[in-house]
Amino acid sequence: MSNWLSQHGYALIRALRQLAGTPMTSLLSIIVFSIVLSLPAGIFILLENLRALSGHATDSQQMTLILDTAAGSADVELINTRLEKIAAIEGFQFISREVALQELQQESGMAEVMRNLEQNPLPDAFVVNLGSLSAGEIEKMQAMMQAWPKIVHVLVDTDWARKLDAMLDVGRLVVIMLTSVFGTTLVIVMFNTIRLQILTRRDEIELSKLIGATDSYIRRPFLYFGAIQGLAGAALAWLLLYFTIIKLNEALSELARLYATTFTLDPLSWQDSLILILFSGTLGWIGARWSVARHFAQIDHESAIS
C-alpha cells in the first residue's frame, strides 16, 4: 500500500511540474474548461431558480368549488367531510352565499346593483388551498371533485403551471444536450493537450520503456495532469458563476423593490458544485486516458517496426 501511494504521489508531483512547466498552455486549457462548463451550469442554475419560484407560486394556488344554488346544509356538510379526508390539500374555507353577497356589495359600483336584486343569486362555495401540487395532480383532483353531488363548477387555472412545467422540461433537455456536446468538446481539447505533452516527451517515454518502466507508471502523470486541469476548470467556472450571480442579484434587488417583492438567484448547492467539479475532473481524466492509450500504441507500433 505504501509503495502504491508513493507511486501516485510521485505521479501527482510530476503532473504539477508539467503544469508549472507550461503555464500559458495550462492556463488556456483551464480557461477553455471553465468557459465551456459555465454555459450549461448557468442554464441549470436558472432552471433551478425558476423551479423554486414555481414551487412558491403553486403554494398559493387555489381551487374554487361552486355549489348548486339548490344545495342544502346536508350537502355542504358532506362536501366538508370529503375535503377533510384529502391529505393532499393544505386546507379549505367555506364561503356561504350570504358572505359572498356582502363581499360583492363592498366592491366599488356594485352596492346599488346588489340592493335592487330581489334574492341572492350567488351560490355557496369552497375555496381549497392546493399547496405545491403539480399540474397533473391538480387536474385529477379537479375531475374527482367535479363528480361530487351538488358541485356545479370546479374553477382552477392550471394552464400556467403546465406551460411552466413544459418550459422547465425543455430547459432540462437543453442542459443535457449542451452538457453532452460540450463534454465531448472538453475531452477532445484534453486529448490534444496531452498529445502535445506526449510528443514533446517522446524520447523520455521511449527511454523509460527500454529500462523497464510499465505503461501504467508512465501514463499516470498524464492522467493526473488531465484530471487536475479539469478540476481547476470547474473551480474557475464555479467562481465565474458565483460572481455573476452576485452582480445579477444586485440588479434584481432593485427591480424587485419596484414591484414590492423580493427575489434573488441562488448559486449552485454544494451537492451540485461537487458534481460539477467531479464531472469536469472525470472529463479531463477521460481525455488524457484516451490520448495516452492512442499515442502509446502508436509509439509501440513504430518501435516494433524499427
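Here is a walk through the fold, one helix, the open and closed spaces inside, and a few single residues. Keep in mind that this is a predicted model.

Let's start with the overall layout. The chain has 306 residues, and 35% of them are buried. Its secondary structure adds up to ten helices and four strands. If you trace the elements from the N terminus, the order reads α-α-β-α-β-α-α-β-α-β-α-α-α-α.

Helix α3 is a handy place to look more closely. It covers residues 73–84, and for those twelve residues, at 1.5 Å a residue, you'd expect a span of 16 Å; the C-alpha atoms at its ends are 16 Å apart, so the two agree. Which residues of α3 are buried? They are Val76, Ile79, Asn80 and Leu83. These residues sit on the same side of α3, because they take up an arc of only 105° around the axis. The general rule behind this is that an α-helix has 3.6 residues a turn, so residues three or four places apart point the same way.

Next, the pocket. The largest pocket has a volume of about 280 Å³. Three helices each give at least two residues to its lining: α2 (23–59), α7 (159–200) and α10 (270–305). If you want to find the spot in the viewer, select Leu37, Pro40, Ala41, Phe44, Val175, Thr179, Leu268, Asp272, Ile275, Leu276 and Phe279, which line this pocket. Sorted by class, the lining comes out as nine nonpolar residues, one polar and one charged.

There is a closed space too. The structure has one cavity of 30 Å³ or more, and the largest cavity holds about 30 Å³ of space. Its lining consists of Ile45, Trp238, Leu241, Tyr242, Ile245, Pro267 and Leu268. Which helix gives the most to this lining? That would be α9 (residues 215–258), with four residues. By class, the cavity lining is made up of seven nonpolar residues, with no polar and no charged ones. Leu268 is worth clicking on, since it turns up in the lining of the largest pocket and also in that of the largest cavity.

Tyr242, from the cavity lining, brings us to the aromatic rings. The model has five aromatic pairs. In one of them, tyrosine 242 meets phenylalanine 243 edge-to-face, with 5.6 Å from centre to centre and 80° between the planes. The cut-off for edge-to-face is over 60 degrees, so that label follows from the angle. Is tyrosine 242 buried or exposed? Neither, quite: its relative accessible area is 33%, so it counts as partly exposed. Elsewhere, Phe92, Phe94 and Phe126 make up one aromatic cluster.

Two single residues round off the tour. Alanine 288 belongs to helix α10, and it counts as buried because its relative accessibility is 0%. Its C-alpha atom is separated by 6.3 Å from that of phenylalanine 222, although the two residues are 66 apart along the chain.

Lysine 150 is the other one. You'll find it in the loop between α6 (135–146) and β4 (151–155). Most residues other than glycine have a negative phi. Lysine 150, however, has a positive phi of about 70° despite not being a glycine. With a relative accessible area of 34%, lysine 150 is partly exposed.

How values were computed. Residues numbered from 1 in each chain as written. Predicted model: local features only at pLDDT ≥ 70, side-chain atom pairs only at ≥ 80, totals over all residues. Heavy atoms only, no water. Phe/Tyr/Trp six-rings, centres within 6.5 Å; stacked < 30°, edge-to-face > 60°. Buried < 20%, exposed > 50% of the residue type's maximum accessible area, 1.4 Å probe, protein only. 1 Å grid on protein atoms, 1.4 Å probe; cavity = no way out; pocket = protein on both sides within 12 Å on 5 of 7 lines; lining within 4 Å. Points joined across faces, edges and corners; volume = space filled by probe spheres on them. Nonpolar A, V, L, I, M, F, W, Y, C, P; charged D, E, K, R; others polar. Expected span 1.5 Å × (residues − 1). Arc of directions from axis to C-beta.
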